[in-house]
Amino acid sequence: MPTPAEPRPGEPRPGAPRPDGRPDAPHPGTPPQVPPPRAMTIAGSDSGGGAGIQADLKTFNALRVFGTSAITALTAQNTEGVRDVHLVPPGMVAAQIDAVLDDIGTDAAKTGMLGTTAIVEAVAERIGHWRDRLGPFPLVVDPVMIAKSGAPLLDEPAREAVRRLLLPLATVITPNRHEAEELAGVPIRTLDDARRAAQVLHGLGPTWVVVKGGHVAEDSADAVDVVYDGRDWHLLRAPRIATRSTHGTGCTFSAAITAYLARGYGVLDALRAAKIYITGAIRHAPAIGRGHGPTCSFYPWEAAPDDPLGDPLGAAAGEGGAPNGAPVDQAASGAAGPEGRQLDGGEEG
Ligand SMILES: Nc1ncnc2c1ncn2[C@@H]1O[C@H](COP(=O)(O)OP(=O)(O)OP(=O)(O)O)[C@@H](O)[C@H]1O
Ligand SMILES: Cc1ncc(COP(=O)(O)O)c(N)n1
């Protein structure tokens, strides 16, 4: 490893107080002093990258939260549909939760696709156990039942287990129209129907209920979600965007709520911030796949004027420096990326 060099003229010495009194960015290689907020997702993997674990981790990262995961199922999936599902044994789901929470802990957690009664039971039991040990971290339950493409992601008997075991543990539940109908037993066509369902769902034990409006009154100009905390009603309202890129919107929305809760937002603020985020993610959706495409989790960063790293390999890319697996700061001398140059004090070029 090159030794840290004297700062270049005009650059502050690493660790020196900044003129504005705020802490400086850590010197490369130095662990940050303040750990980031942490959020855990317990959900299925979507090989297509638009929903499930993949959407959740991207969302956590985009919202500056360190994400961890317990995978409940592998799905062979793309924007057109789910081709196959392989469930993870419940003991292995529990083992992932234990491994993460025993060491890393969490500031909030969410659930997504759970698949079967046995997995729901394992997750509910481990959440209860770890809340007793770590304190009552917020839990967002997205009661995923059917993929947008129509494939079942929760079997019939497991719905009762979600109702009985998981909803009472939830800080927030985020059913879509279909899930709210199933869990509450109330048909939903209008916002008033959504309110009735929210009231029934609140009676099942969650602290906050959000009945999502993506599939309610689909010809209206706004996508409106109904929020109920047992006392007050709120509406989350944003323009409805005309697009086919709505794969994983529910996962991304509930992951954003989880991220904002992990960052310490109050529930209503977390819901409002997450609604702004999902609307932007839908608006900036990339053109990917032949079916329902994913949203853009990183749109706030992609809209930034500069890519902060630029081309991180620079000239080294053409010389076989880093792609062969060598750490960038040990690649061919004088050909390292920006971090290496900063460490050895060399010139750019
Ligand atoms: N076309 C759209 N334009 C703007 N917002 C939308 C649109 N569709 C959904 N939303 C919003 O996205 C969030 C997710 O809602 P939705 O009802 O689509 O969830 P979902 O059906 O569970 O999603 P998925 O099953 O795709 O994960 C909600 O805040 C909803 O209002
Ligand atoms: C692993 C997994 N989790 C959740 C969904 C729901 O997302 P959508 O309704 O957009 O298909 C999914 N398709 N796959």
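The following exchange covers the ligand sites, the largest pocket and the cavities of a predicted model.

Author: Residues are numbered from 1 along each chain as its sequence is written, and chains are lettered from A and ligands numbered from 1 in the order in which they are written. In this predicted model local features need pLDDT of at least 70, side-chain atom pairs count only at pLDDT 80 or more, and totals for chains, interfaces and linings use all residues, while side-chain values use heavy atoms, with hydrogens and water left out.

Reader: What makes a residue count as one of the 18 around ligand 1?

Author: A residue is near a molecule if one of its heavy atoms lies within 4 Å of it. K148, K212, H215, D225 and G250 come nearest among the 18 residues around ligand 1.

Reader: Why is the pair between H215 and ligand 1 called a polar contact?

Author: A polar contact is a pair of N or O atoms within 3.5 Å; within protein, one must be able to donate a hydrogen and the other to accept it, and residues adjacent in sequence count only if both atoms are side-chain atoms. An N or O atom in the H215 side chain is 2.7 Å from an oxygen atom of ligand 1, so the pair meets the cut-off of 3.5 Å. For the backbone of T246, the distance from an N or O atom to an oxygen atom of ligand 1 is 3.1 Å.

Reader: How do you know how much of ligand 1 the protein buries?

Author: Accessible areas come from the Shrake-Rupley method with a 1.4 Å probe; for residues, only the protein chains shown count as cover. Ligand 1 taken alone exposes 620 Å², and 94% of that is buried by the protein.

Reader: What is near ligand 2, and which polar contacts does Q77 or K148 make with it?

Author: Ligand 2 has 15 residues around it, with G44, Q77, K148, H247 and G248 nearest. A polar side-chain atom of Q77 is 2.7 Å from a nitrogen atom of ligand 2, and a polar backbone atom of K148 is 2.9 Å from an oxygen atom of ligand 2. On its own ligand 2 has 360 Å² of accessible area, of which the protein covers 93%.

Reader: Why is ligand 2 said to sit in the largest pocket?

Author: A molecule sits in a cavity or pocket if more than half of its atoms lie within 2 Å of its grid points. Ligand 2 sits in the largest pocket, and the space taken by ligand 1 is the largest pocket too.

Reader: What makes a space a pocket or a cavity?

Author: On a 1 Å grid over the protein atoms alone, a cavity is a set of points where a 1.4 Å probe fits but cannot get out, and a pocket is an open set with protein on both sides within 12 Å along at least five of seven lines; lining residues have an atom within 4 Å of a point. The largest pocket has 49 lining residues, and K148, H215, T246, T249 and G250 lie nearest its centre.

Reader: How do you know the volumes of the largest pocket and the largest cavity?

Author: Grid points are joined across faces, edges and corners, and a volume is the space filled by probe spheres set on the points. The largest pocket holds about 1,000 Å³, and the largest cavity about 50 Å³. There are three cavities of 30 Å³ or more.

Reader: Which residues line the largest cavity?

Author: The lining includes Q77, K148 and H247.
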